[in-house]
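This briefing introduces a molecular structure, topic by topic. Please keep the sequence and the 3D view at hand while reading.

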Amino acid sequence: MSIFLSSNVIVLLFIEVVLFLFAIYSVIIAINILKNWDFNSTSPKQYSLEKKSFLVSTIIYFTILAKSFMFLFFASTLDSLSSIVPGAMCAAGIINANSYGNILLFLKIIIIFIFALWIILNRLDLKSTTYPYIKKKYFIYIITFILLLSEIILDYLYFSNISTSKPVLCCSIVFVSSNDTNGLPFNLSIDMMLLIFYILYFLIIITSQTKQNLISFLSSILFLFVAYYSVTYFFGTYIYELPTHKCPFCMLQKEYYYVGYLVWISLFFGVFFGSSSYLLKLFTKKEFAFTYKYSIIFNTIFVLVCTSYVVVYYLKNGVFL
Amino acid sequence: MQNKELFNFSIKLLLKDKSSYVFSFLIFTFIVFILSSVLFISSSLKFDLMQAAKAQNQITIYNQKAGIITQIDESILDDLLQIAGVSNVYGKIDGYYKKYFHIVGNDDINENEMIIGEGLRNILNRYHYKDFFNFYVEDKKYKINIKNTLNKNSNIITSNIAMLNTQIAQDILGINEDEYSYLQIEIPNDSEIDYIELIVKEKYPNLIVKTTNDRIIEIDNLFYYKGGIFMIIYIVALISFFVLLYKQISAINSVEKKQIAILRSVGFSINNIISIKFIQNFIVSVGSYIFAVCLAYIYVFILNAPILKNIFLGLTMSDIVFTPIVPTNILAIIFIFTVLPFLLAIIIPSWKTATTDINEAMK
Amino acid sequence: MIKITNLNKNFGNFKALKDINLHIKKGELIILKGVSGSGKSTLLSLIASMSKPSSGDIEVNNIKVSKLPDIHSCEYRNKNIGFIFQSFNLLEQLSVSDNIFAPLVVSNTQNKQELLNSALKKAKIIHKKNEIVSNLSGGEKQRCAIARAIVLNANIIIADEPTASLDRQNSLDFIEVIKQFKDDGKTIIISTHDSIFDNLDYVSRYINIKDGIIVK
């Protein structure tokens, strides 16, 4: 029995394919624009390109909305597959069912990230009267298209290699360490890691206030990795109230009130805005105050939600796990 | 705020121009209705089967000869009782009589009585068997009185069930006194199930041993299979619909072209026009989705899905009542499979309308 | 103030406008005269940025209008231009208020209701504000079109054959309205065949266009 006959997977792949077809159509237009764009020309061809650029941006706006929604659907699909793949109790087992899973997940997130950046760049481009960023914009889109192509291929490879008869590992095996390490990189202790976590958070807040975007960028990227490990190996255990339950995916399930979505989405936006100020400066040589504001807001939400689980547990039980 | 006013304005335009959307609304509603009905039926059936699977004891054991399931000997029952961790083993009588009756043995029923399910009740009533029924086996006749009918809650599994006294059931089905249709092992400690399963398999390599989990996976697989085939057929239907829709929308009438040109001439940008078209189509498609889902709910769970039910279950089960279960996952699937493609299909026509030359359109 | 330099507009091989040079000062009332197909409508449409030139420049109120991207040209048109069409070009199925409100929908102004009411009053159509446009008479439709053109206090009014669908009385009413606009300091460009516009003393200039060229 192939996994392809799960309704969730069929719907997922169908929409991905349709979105990809639209992407092919719009990337052809984008290449055309890159080759022939001359803003100062008054030829009908130039005017036609200007009109076509609206089509591309509309397709991209719709694609990012659809992809964001489908990413959440992807997460819930993985969860639902855990009931037909033996051994899996949550999405962690499904993602690790073959080697494509983790790359696919990472790729999907990167794509949404780049599209979000593109949208900001597009708005800035339209605000000006001379389309200053048009070439950069479409160049980024062509790179994104290559990522989209990889995504579709990976989608197919990943889903076709999930076996419904071979058991997969559960999160208790994937994330729990062997005897002497605790699963964290560089052999960090939990305390060290938490220290770095909070230091990075405050560093991001401070550099956002003082508008030092390179440091904000670097600390945001670092924060992404540290936060992932912190949530999986520390904060998660307080969400599940079980010191041995280390899993980034189980918190997406109903039993934990879907708090996983809040945690990961706020982290995504926090890191996005924290790093986008530097990237936008790279492309447009300008500063954008709103990125700092949102970076502070979302990172704070993320840190507050995580910390509150620990604090609440301590208040309820008088001890830490 | 500008966006709110644009939204209100889009709705005003939509309400004044209902006729051009009626066609797409109706066809789209129909498509969503069919999809929803099928998904509702299959998820309801799946739910029932899951409930039944979970309710049974943990391990079920069948005997087989040459790949066909046969009766299992009583002696195995005694052996199984000896395994540590097993609290009880039940021998069950289960079989079919003349296609309609799903006979199940039960020790608590008197010899000349039976309890039947809704579906069987309806069938017997049709043949005027109101209080009893005669089972004929070889040259013997068993007259069994109908004691009770199971209520509707039990649905698909019990619809055609006839619960008879175990002894009588054995006689009617032609099963020897020291044999059973299958055995069920009760294991109080869930974590021991897999281990005991291994022991049984090792001791009796030619018996079929199934745990509750296995049964759940079987049911899931069955539904994934059926659901999947349907989805693929559906995609084909959907594609043809959207080709139709696209042709319809692209043939934008000159009245609408003029309307858009007028708006453009007072300062509506291309993006504004695309937004208006999107808002209008979003309202039409989401409205249609909600309407179709409600219709499907009424059709499946209140009217019991005439016609469609027989396609799914065949004619023998025509007296099923579906349990009203609508998981959010199904609603999300329907939404993604219908509303999203609809909105994708209108991107290019909306853009075409928005970028038409103003002067051309106003002539 | 409108400055047009070396303006050319081609439709395929057909040259609608050839090397137009024109300077219109603030507050002038210009009457464009010429037969059908001479290029009057094309010129007006270019000034309003509803189409783009094949070559040349148009500068309005110090904004280079000829090469503005769509969003900006729409904003320019929304704020600066009030266009009155020959066949009124109203949204027939909507009410008078909705029609006049249309430019306000996409503008960034604050007091939209006040602007709406003020325009209804000035065009003397407030008594019909909830009436569906298709039920109005020709003169009333004209006043609705006028109200829409002035709702955002545009300082340039462009009218393309405004009296072609009106009877004599309504045409005279229209001229009164134009006079009022002139007194308000608006720049007005009217293209027309109608002789009713000849010999008006407050017209700044009469410009003749023939085969896409301004003739003296």
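## Briefing on the predicted model

Met50(B) has its place in helix α2 (residues 19-55) of chain B. The model in which this residue is viewed is a predicted one. The points below begin with two residues of chain B, continue with that chain as a whole and one of its helices, and then turn to chains C and A.

**Two residues of chain B**

- Met50(B) has 16 other C-beta atoms within 10 Å, and it is therefore classed as partly exposed; a buried residue would need 20 or more, and an exposed one 12 or fewer.
- Although Met50(B) and Thr212(B) are separated by 162 residues in sequence, their C-alpha atoms are 9.7 Å apart in space.
- Val326(B) belongs to the loop that lies between α11 (308-313) and α12 (328-345) of chain B.
- Val326(B) is likewise partly exposed, because 19 other C-beta atoms lie within 10 Å, and the cut-off for a buried residue is 20 or more.
- From Val326(B) to Ser43(B) the separation is 283 residues in sequence, yet 7.4 Å in space from C-alpha to C-alpha.
- When residues up to four places away in sequence are left out, Val326(B) touches Phe40(B), Tyr297(B) and Leu331(B).

**Chain B as a whole**

- Chain B contains 14 helices and 13 strands.
- Of its 363 residues, 35% count as buried.
- Among the contacts in chain B with a separation of 6 or more, 83% are between residues 24 or more positions apart.
- The average pLDDT of chain B is 81, and 88% of its residues score at least 70.
- Within chain B, the highest mean pLDDT of any element, 92, belongs to helix α10 (residues 270-302) of chain B, whereas helix α5 (residues 155-158) of chain B has the lowest, 62.

**Helix α9 of chain B**

- Helix α9 (residues 254-265) of chain B consists of 12 residues and reaches 16 Å from its first C-alpha to its last, which is close to the 16 Å expected at 1.5 Å a residue.
- Its buried residues are Gln259(B), Ile260(B), Ala261(B), Ile262(B), Leu263(B), Arg264(B) and Ser265(B).
- These buried residues of α9(B) pack against α10, α13 (347-354) and α14 (358-362) of chain B, and also against β6 (81-84) and α3 (96-105) of chain C.
- Gly267(B), just after α9(B), takes a positive phi of about 120°.

**The contact between chains B and C**

- How many residues does each chain bring to this contact? Chain B gives 21 residues and chain C gives 22 residues.
- On the side of chain B that touches chain C, at least two residues are supplied by each of α1 (2-16), α9, α10 and α14 of chain B.
- The largest share of that side, six residues, is from α1(B).
- By class, the side of chain B that touches chain C comprises nine nonpolar, eight polar and four charged residues.

**Strand pairing in chain C**

- Strand β3 (residues 29-33) of chain C runs parallel to strand β8 (residues 187-191) of chain C, and four bridges join them.
- Leu32(C) has Ser191(C) as its bridge partner in β8(C).
- β3(C) also pairs in the parallel sense, over four bridges, with strand β9 (residues 205-210) of chain C.
- In β9(C), the residue opposite Lys33(C) is Asn208(C).

**The domains of chain A**

- Chain A is assigned domain 1 (3-171) and domain 2 (175-317).
- The C-alpha centres of domain 1 and domain 2 of chain A are 25 Å apart.
- In the contact between them, 15 residues of domain 1 of chain A meet 13 residues of domain 2 of chain A.
- On the domain 1 side of this contact, α2 (44-81), α3 (91-95) and α4 (100-127) of chain A each supply at least two residues.
- The largest share of that side, seven residues, comes from α4(A).
- The same side has 13 nonpolar residues, no polar ones and two charged ones.

**Helix α10 of chain A**

- Helix α10 (residues 289-317) of chain A has 29 residues and reaches 42 Å from first C-alpha to last, close to the 42 Å expected at 1.5 Å a residue.
- The buried residues of α10(A) include Thr291(A), Tyr292(A), Phe298(A) and Cys306(A).
- The buried residues of α10(A) pack against α7 (190-210), α8 (213-240) and α9 (259-284) of chain A.
- Gly318(A), just after α10(A), takes a positive phi of about 80°.

How values were computed: Residues are numbered from 1 along each chain as its sequence is written. Chains are lettered from A and ligands numbered from 1 in the order in which they are written. This is a predicted model: local features need pLDDT of at least 70, side-chain atom pairs count only at pLDDT 80 or more; totals for chains, interfaces and linings use all residues. pLDDT is the predictor's confidence in each residue, from 0 to 100. Domain bounds come from an automatic or database domain assignment. Two residues are in contact if their C-beta atoms, placed from the backbone, lie within 7 Å. Ala, Val, Leu, Ile, Met, Phe, Trp, Tyr, Cys and Pro count as nonpolar, Asp, Glu, Lys and Arg as charged, and the others, Gly among them, as polar. The expected span of a helix is 1.5 Å times one less than its number of residues. Two strands pair if DSSP finds at least two bridges between them.
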